[in-house]
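Hi everyone, thanks for coming. I'd like to walk you through a structure today, so have a look at the screen.

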Amino acid sequence: MLIHLNSVRTVKWRLVSLWLVTLVTAMAAVGWAMNVPKDMTDADRRALASMGMTPTNRAATYEEELVHIRSVQQNVLRVIKVDGATPPQGHAVEPAELLQRGRGACYELSRTIEKGLSLHKLETRRVFFLYRQNQPFMSAMFRRGHPSHAAVEVRTSKGWLLVDSITPWMALDLEGMPVAANGIWAHPERFGNEAPYHILLSSWAIRGFYSRRGQLYGSPIPAPEVNWRELSGWLLSSDEDRHLY
């Protein structure tokens, strides 16, 4: 009888172990599918070259960094017409597809800008502006059709700099110093009141969040797409940095 009970327990433990392994494997697979890679492909390089962007060495000075950043932003906006229409699910948003269409929304232009900046060996991270509109954070995040905006932050030798995706504006204060996305909307005077209207709307600036609906950056599943490295860095930051209040 004791041997029989031990056998039953062994079978149950093996079934539980198998279930846990399956669950962890499934979660890892979903997490991998949701991750947005930042690798440069040959198709990216060809498309960026067609827009007038080619690789350079890392800038030696802050002033040279700003020249490279402006050049990338201006080249993208020169070639691509800003179009706020939402493309169908499964629609590719990489530089080659954007160049072929000749028009795109903020998150499409942001993708090309961040890849263009990588040609100059500049580190970037995606910024997802989720507009507050007097809504709690979770309500705004999961409310269908809730307005948002995508832009890019680039690390300069003097700090992170927000680069807009649909206007030729970047967050340089009146002294020419870089400003990150955090709370820009609360201090328009830092930019001589010249920041774009959509940047000055009250918002949360979420790093590493690419898409709420998914299937835009290669994921086969209709789930949010993120860059886990950037998103986890934002989640682990201080409340002051996250501005969740």
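Let's go straight to the second largest pocket, which has eleven lining residues, with Arg 125, Trp 160, Arg 229, Glu 230 and Gly 233 nearest its centre. A pocket here is an open set of points on a 1 Å grid over the protein atoms alone, where a 1.4 Å probe fits, with protein on both sides within 12 Å along at least five of seven lines; lining residues have an atom within 4 Å of a point. E3 and helix H8 (228-235) each give two or more residues to that lining, and H8 has the largest share, four residues. By type, the lining is seven charged, two polar and two nonpolar, where Asp, Glu, Lys and Arg count as charged, Ala, Val, Leu, Ile, Met, Phe, Trp, Tyr, Cys and Pro as nonpolar, and the others, Gly among them, as polar.

Now, this is a predicted model: local features need pLDDT of at least 70, side-chain atom pairs count only at 80 or more, and totals for chains, interfaces and linings use all residues. Residues are numbered from 1 along each chain as its sequence is written, and side-chain values use heavy atoms, leaving out hydrogens and water.

How confident is the predictor? pLDDT, its per-residue confidence from 0 to 100, averages 83 over the chain. It's highest in H3, at 97, and lowest in helix H9 (residues 239-242), at a mean of 47. Over residues 17-32 it's below 50. Where pLDDT is low, don't read the predicted coordinates in detail.

Lastly, Ile 69: leaving aside neighbours within four places in sequence, its contacts (heavy atoms within 4.5 Å) include Leu 117, Val 154 and Met 170.

Terms used. pLDDT is the predictor's confidence in each residue, from 0 to 100.
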